[in-house]
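Here's a quick briefing on how the helices and strands fit together in this one. Have the viewer open while you read.

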Protein chains: 2
Amino acid sequence: MEDKKNKSALSEINGVNQPESISNTVAKNIQQFRRKQPSATELIDSICSGDKIALSRAITLIESTNVNHLTKANEVIQGCLPFANKSVRIGITGVPGVGKSTFIEAFGKHLTSLGKKVAVLAVDPSSSISNGSILGDKTRMEELVKDENAFIRPSASGDSLGGVARKTRESIILCEACGFDTIIIETVGVGQSETAVHSMVDFFLLLKIAGAGDELQGIKRGIMEMADTIVINKADGDNISKAKLAKTEFNRALHLFPAKKSGWVPKVTTCSAITKEGIDDVWQIISAYLEMAKANVYFQVKRKEQSQFWMLETINEQLKTRFYSHPDIIPLLESNKKAVQNNVISPFAAAQILLEHYYK
Amino acid sequence: MEDKKNKSALSEINGVNQPESISNTVAKNIQQFRRKQPSATELIDSICSGDKIALSRAITLIESTNVNHLTKANEVIQGCLPFANKSVRIGITGVPGVGKSTFIEAFGKHLTSLGKKVAVLAVDPSSSISNGSILGDKTRMEELVKDENAFIRPSASGDSLGGVARKTRESIILCEACGFDTIIIETVGVGQSETAVHSMVDFFLLLKIAGAGDELQGIKRGIMEMADTIVINKADGDNISKAKLAKTEFNRALHLFPAKKSGWVPKVTTCSAITKEGIDDVWQIISAYLEMAKANVYFQVKRKEQSQFWMLETINEQLKTRFYSHPDIIPLLESNKKAVQNNVISPFAAAQILLEHYYK
């Protein structure tokens, strides 16, 4: 140890002074620029001209809990709305360890090489605890993050899935107005987050890996049925034959499910985000889906249904939030829950008591 | 044609006169008895002493839309509650044509032969249109309906699944107080009715038939994952080998699903409701489940969770019903739905407008 004052390996060394070569005036200007809050109209104009910094700022407004920010955020969303809706929205899920970040990096780079503009968002309600566990560490996608035609944004934080999902759903509108034609929504699959993501995308991709029996594990209930494609990642080196076997198994399993409303038959494919083998196949599958779903109008119908779903979902969430957070209801609910569990009162009689109290 | 007045085969012949051998006094007494409405206390006492006629009458009260009946029904339910909760509740689903009635008849008769008291209820929201499509025709279970230790009740009618499900859930309480130790809830699987039934039973049975590829059809999304057992019916005659093949296929598919919270590994079995082959195996599977689930306390925990679920579900349903049936909301919702679908307003902004209007 050079510095004798630092006894412990954990102690900090002295801070580095501001290098003299940086002009104070320039530093002040930068600070000034950062501090200046553009108006809603300015933000809309900048977003629609493809300005990624304005896009970031507007998403920050959406994520803010400050009431003034919310009003402004709503103005921006409303202003961007006419320019949205022109993209393909792809949901990607998979348990930790399947290599989601590496896959999205490889897949995203492939898309930008095809001339596409790719925005990557995330829905991860757990990030409020872990401070953004997915996409939080942008260095995991260091190629994509440097790409002029890519925009990466970690999951909004929030205590409820509903809140996080709403913020992501609104961010999609802004990304599309900003000219991003391919929106990727990543989710880790905490609880119901896959369902939320499924209801905001056109195409749902389940990422898996092959391995000693683990193709049978980690599939949340209902997820496999939601998938439009199952992609078996890490199909490289010694894994190739295992991945092929997994592909056969999943193909067999998918055939046991009922036909999809879209008319689409889910596809299973293998790829390696490392060797890039099979990455283009994933895009070919999505392209084939889009061609089919746009031709049979399912694509357009589903988008309208999804918009309506989110309106109703927001209403239903709010109705519940207001009821369950009502100061009179909280203690009454607790006592009735216990009574119901102990079979002292029927669930329906208990519900009646609570409702009468609420509406009186 | 004997009667020349009736030109068409569809016309009616003259009605039959009252036979003279029936005494007018006796007929009047019967009518009098039928007209007399027992009090809530009388009904509770009769039900708890095992009176099936009182049970029927109380369920009719539950199903009534008359407000006075509802108050009385709630009294009866409350009075029966301490004597309920002592049974096994089995949900049975399967698409039309799998032989649900024949299976329940054979299975129910087998259970009563083992000394059990069997109540068969149904959840079929479509019955309000078809006037009770399942269990409506009791002659389809003519052996079971004559059985002293069996009670069969067709589905309540109602315009919403929520309403029908609530009525069935309450009827379970009365059946249990009446001494029925095995409650079978049948559903045809219209929309979400399986989910509703799943959340009111201890064990969920999916009935299937084998056949040229049809083991792959008619499985509603998510149903296979709910099943604690898949029973392949009609495994008789030429069908036996096909049924065995289907068993293998389903076993393979079930292994692809994640482990159940109960710790139970779903079983696939074959049976014939005609030859009675395999009917006891179904009961053995259920018994094994019960032994396991009671030992690991999952059974008890699940029942408490289900009671709480129904309380919250009833509240949530009511909150929505009140909102969506509000005279000011109906036209406003319609116009906002259109605006959202046409991308004129964001789903969240539209929701906000509606909620502000409702709470102002």
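Which strands of chain B does helix α8 (residues 161–177) lie across? Keep in mind that this is a predicted model. Helix α8 of chain B lies across β1 (88–93), β2, β3 and β4 of chain B, and the helix runs at about 170 degrees to β2(B).

**The sheet in chain B**

- The strands here form an open sheet of seven, in the order β3-β2-β4-β1-β5-β6-β7 (chain B), and the pairing is parallel.
- At the edges sit β3 (150–152) and β7 (267–270) of chain B, each of which pairs on one side only.
- Ignoring direction, neighbouring strands of this sheet are turned by 20 degrees against each other on average.
- Zooming in on one pair, strand β2 (residues 118–123) of chain B and strand β4 (residues 182–187) of chain B are linked in the parallel sense over six bridges.
- If you want a spot to click on, Val123(B) stands opposite Thr187(B) in β4(B).

**The sheet in chain A**

- Chain A has an open sheet of seven strands too, with parallel pairing and the order β3-β2-β4-β1-β5-β6-β7.
- Its edge strands are β3 (150–152) and β7 (267–270) of chain A, and each has a pairing partner on one side only.
- From one strand to the next, the twist averages 20 degrees.
- Strand β6 (residues 229–233) of chain A runs parallel to β7(A), and four bridges join the two.
- Within that pair, Ile230(A) has Val268(A) of β7(A) as its bridge partner.
- Helix α11 (residues 240–254) of chain A packs on the sheet, where it touches β5 (203–209), β6 and β7 of chain A. The direction of α11 makes about 175 degrees with that of β7(A).

**Domains of chain A**

- The domain assignment splits chain A into domain 1 (36–82), domain 2 (84–296) and domain 3 (311–359).
- Taken over C-alpha atoms, the centres of domain 1 and domain 3 of chain A are 37 Å apart.

**Helices α2 and α3, chain A**

- Helix α2 (residues 40–48) of chain A packs against helix α3 (residues 52–63) of chain A at an angle of about 130 degrees, and the axes are 8 Å apart.
- α2(A) and α3(A) are therefore oblique to each other, and their crossing is left-handed.
- On the α2(A) side you'll find Leu43(A), Ser46(A) and Ile47(A), which meet Ala54(A), Leu55(A), Arg57(A), Ala58(A) and Leu61(A) in α3(A).
- Sorted by class, that contact has six nonpolar residues, one polar and one charged.

**Helices α2 and α3, chain B**

- In chain B, helix α2 (residues 40–48) and helix α3 (residues 52–63) pack at about 130 degrees, with 8 Å between their axes.
- That angle makes α2(B) oblique to α3(B), with a left-handed crossing.
- Leu43(B), Ser46(B) and Ile47(B) of α2(B) make the contact with Ala54(B), Leu55(B), Arg57(B), Ala58(B) and Leu61(B) of α3(B).
- The class tally for this contact is six nonpolar, one polar and one charged.

**Helices α14 and α15, chain A**

- Helix α14 (residues 329–341) of chain A and helix α15 (residues 347–359) of chain A pack at about 170 degrees, with their axes 10 Å apart.
- So α14(A) is roughly antiparallel to α15(A).
- Contact residues in α14(A) include Leu332(A) and Leu333(A), while those in α15(A) include Ile353(A) and Tyr358(A).
- By class, the contact between α14(A) and α15(A) has nine nonpolar, two polar and no charged residues.

Terms used
Residues are numbered from 1 along each chain as its sequence is written. Chains are lettered from A and ligands numbered from 1 in the order in which they are written. This is a predicted model: local features need pLDDT of at least 70, side-chain atom pairs count only at pLDDT 80 or more; totals for chains, interfaces and linings use all residues. Side-chain values use heavy atoms; hydrogens and water are left out. Axes are lines fitted to C-alpha atoms, for helices over the stretch in contact, and angles run from 0 to 180 degrees between N-to-C directions. Angles under 35 degrees count as roughly parallel, over 145 as roughly antiparallel, 65 to 115 as roughly perpendicular and the rest as oblique. A crossing is left-handed if the near helix is turned anticlockwise from the far one by less than a right angle, and right-handed if clockwise. Contact means heavy atoms within 4.5 Å. Ala, Val, Leu, Ile, Met, Phe, Trp, Tyr, Cys and Pro count as nonpolar, Asp, Glu, Lys and Arg as charged, and the others, Gly among them, as polar. Domain bounds come from an automatic or database domain assignment. Two strands pair if DSSP finds at least two bridges between them.
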